[in-house]
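The exercises below are worked on a predicted model. Each one sets a task and then goes through the solution step by step.

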Amino acid sequence: MSEKSENPARHAASAAPAAEDALAAAAPASEPTAQPISDAAGEPAPAETRAPARARREPMFPDGPAPDPAGSHHERRIRSFQPRRSRVTTGQGEALRRLWPVWGLDIDGLSRIDLGELFGDPKLPVVLEIGFGMGEATAEMAAADPGTGILACDVHTPGQGNLLALAERKGLKNVRVANGDAIILLREMLAPDALAGMRVYFPDPWPKKRHHKRRLIQPEFLALAATRLAPGALLHCATDWEPYAEQMLEVLTASSDFENTQADGGFAPRPDFRPLTRFEGQGLDKGHAVRDLLFRRRG
């Protein structure tokens with residue numbers, strides 16, 4: 001069982017328009033009351049009183065995460081994840097309304113992020129987490145290591161709200177939530193060597209051969225990631241899909257930008273700082289192997 005099969009929106013390499021569908025599915029109908037197209041005598045109603053042909057929904061969170069923050073500013077390409085519709089709970093929605101303006105940011109690709117300013121501490125090392133699902137593991141890691149900032153990137157609206165709620169409940173000051181395409185975030189909005197680490201846990205494995213091109217961990221991604229990771233920074237990947245684990249190991253080993261932390265050149269044991277998620281536990285109960293890969297940026 002891949003964690004993606006349970007929570008397929010966990011990996012966020014894009015903010016595709018389908019994210020807007022998730023908002024629309026969760027949002028209450030907000031269309032205006034239709035006006036009649038004819039009066040009581042059967043004559044056509046004045047044009048100004050007619051309802052629009054297709055009333056538009058009002059955004060559920062006007063000051064929250066945008067459905068497609070990069071819009072048409074950047075090219076469309078093959079995406080490495082496929083979002084699913086799911087509803088936003090009352091608590092998640094309340095967290096989005098109150099906390100997104102404080103701890104959230106849209107990946108629009110239009111400006112460079114100052115991580116020191118974003119976290120309120122120019123000396124705080126910041127790790128980028130790509131795909132955090134419902135955010136439980138992210139919150140746990142942030143609580144265990146308050147001296148490290150976590151920039152958590154995803155497009156799953158319920159998960160964004162849940163992580164914000166968890167951060168507030170646990171009093172976490174070292175979590176920021178980014179909404180949108182992680183590739184645009186890396187390429188357009190982060191400075192070279194800005195990151196102290198990167199985490200990619202249980203990305204969508206895209207098991208069908210014709211979909212392998214959609215997998216995130218590819219040579220092109222690693223080349224980009226290396227430019228934004230500081231020398232010596234750790235790239236930590238984990239997956240419960242064995243063929244994808246083998247591909248990850250192959251492309252990471254072939255990269256001149258990274259070196260394996262394992263002397264035997266293989267997979268790493270799960271480090272203590274990566275929590276065991278409930279989805280991972282379910283997979284382990286079914287006999288699935290979970291593979292961790294720990295590589296450092298050379299330099």
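Angles under 35 degrees between two axes count as roughly parallel, and angles over 145 degrees as roughly antiparallel.

**Exercise 1. Describe how helices α5 and α6 pack against each other.**

Solution. Two packed helices are described by the angle between their axes and the distance between the axes.

Step 1: the axes of α5 (residues 136-144) and α6 come within 9 Å and cross at roughly 30°.

Step 2: under the 35-degree cut-off, α5 and α6 are therefore roughly parallel to each other.

Step 3: the crossing of α5 past α6 is right-handed.

Step 4: the contact is made by E136, T138 and A139 from α5, which meet N162, L163 and L166 from α6.

**Exercise 2. Work out the strand order of the open sheet and state which strands stand at its edges.**

Solution. Step 1: the sheet has eight strands in the order β1-β4-β3-β2-β5-β6-β8-β7, with mixed pairing.

Step 2: β1 (104-106) and β7 (258-260) each have a single partner strand, so they stand at the edges and one side of each lacks a neighbour in the sheet.

Step 3: on average, and ignoring direction, neighbouring strands of this sheet are turned by 25° against each other.

**Exercise 3. Place strand β4 among its partners and decide whether it is buried or exposed.**

Solution. Step 1: β3 (residues 149-154) pairs with β4 (residues 175-179) in the parallel sense, over five bridges. Two of the bridge partners are L151 with R176 and D154 with N179.

Step 2: helix α6 (residues 157-169) packs on the sheet, touching β3 and β4, and its direction makes about 165° with that of β4. Helix α9 (residues 242-254) also packs on the sheet, where it touches β6 (229-239), β7 and β8 (291-297), with its direction at about 15° to that of β8.

Step 3: β1 and β4 are also paired in the parallel sense, here over three bridges. In this pairing D106 has N179 as its bridge partner.

Step 4: five of the five residues of β4 are buried, so the strand is largely enclosed by the rest of the structure. Its two faces are both covered, with V175, V177 and N179 buried on one side and R176 and A178 buried on the other.

**Exercise 4. Characterise the surroundings of N179.**

Solution. Step 1: N179 belongs to strand β4.

Step 2: residues under 20% relative accessible area count as buried, and N179, at 2% relative accessibility, is therefore buried.

Step 3: the side chain of N179 reaches the backbone oxygen of A66 at 2.9 Å.

Step 4: leaving aside residues up to four places away in sequence, the contacts of N179 include P65, A66, P69 and W100. Among them are also L105, D106 and I107, together with D154, V155 and Q160. Of these, D154 and D106 are bridge partners of N179.

**Exercise 5. Which residues does P158 touch, and is it buried or exposed?**

Solution. Step 1: P158 is part of helix α6.

Step 2: P158 has 3% relative accessibility and therefore counts as buried.

Step 3: P158 touches S86, R87, V88, Q92 and M134, not counting residues up to four places away in sequence.

Step 4: P158 and V88 are 70 residues apart in sequence, while their C-alpha atoms are 4.9 Å apart in space.

Definitions and conventions:
Residues numbered from 1 in each chain as written. Predicted model: local features only at pLDDT ≥ 70, side-chain atom pairs only at ≥ 80, totals over all residues. Heavy atoms only, no water. Pairing = 2+ DSSP bridges. Helix = DSSP H or I, 4+ residues; strand = E, 2+ residues; numbered from the N terminus. Axes fitted to C-alpha atoms, helices over the stretch in contact; angles between N-to-C directions. Contact = heavy atoms within 4.5 Å. Buried < 20%, exposed > 50% of the residue type's maximum accessible area, 1.4 Å probe, protein only. Polar contact = N/O pair within 3.5 Å; in protein donor to acceptor, adjacent residues only side chain to side chain. Parallel < 35°, antiparallel > 145°, perpendicular 65-115°, else oblique. Left-handed = near helix turned anticlockwise from the far one by under 90°.
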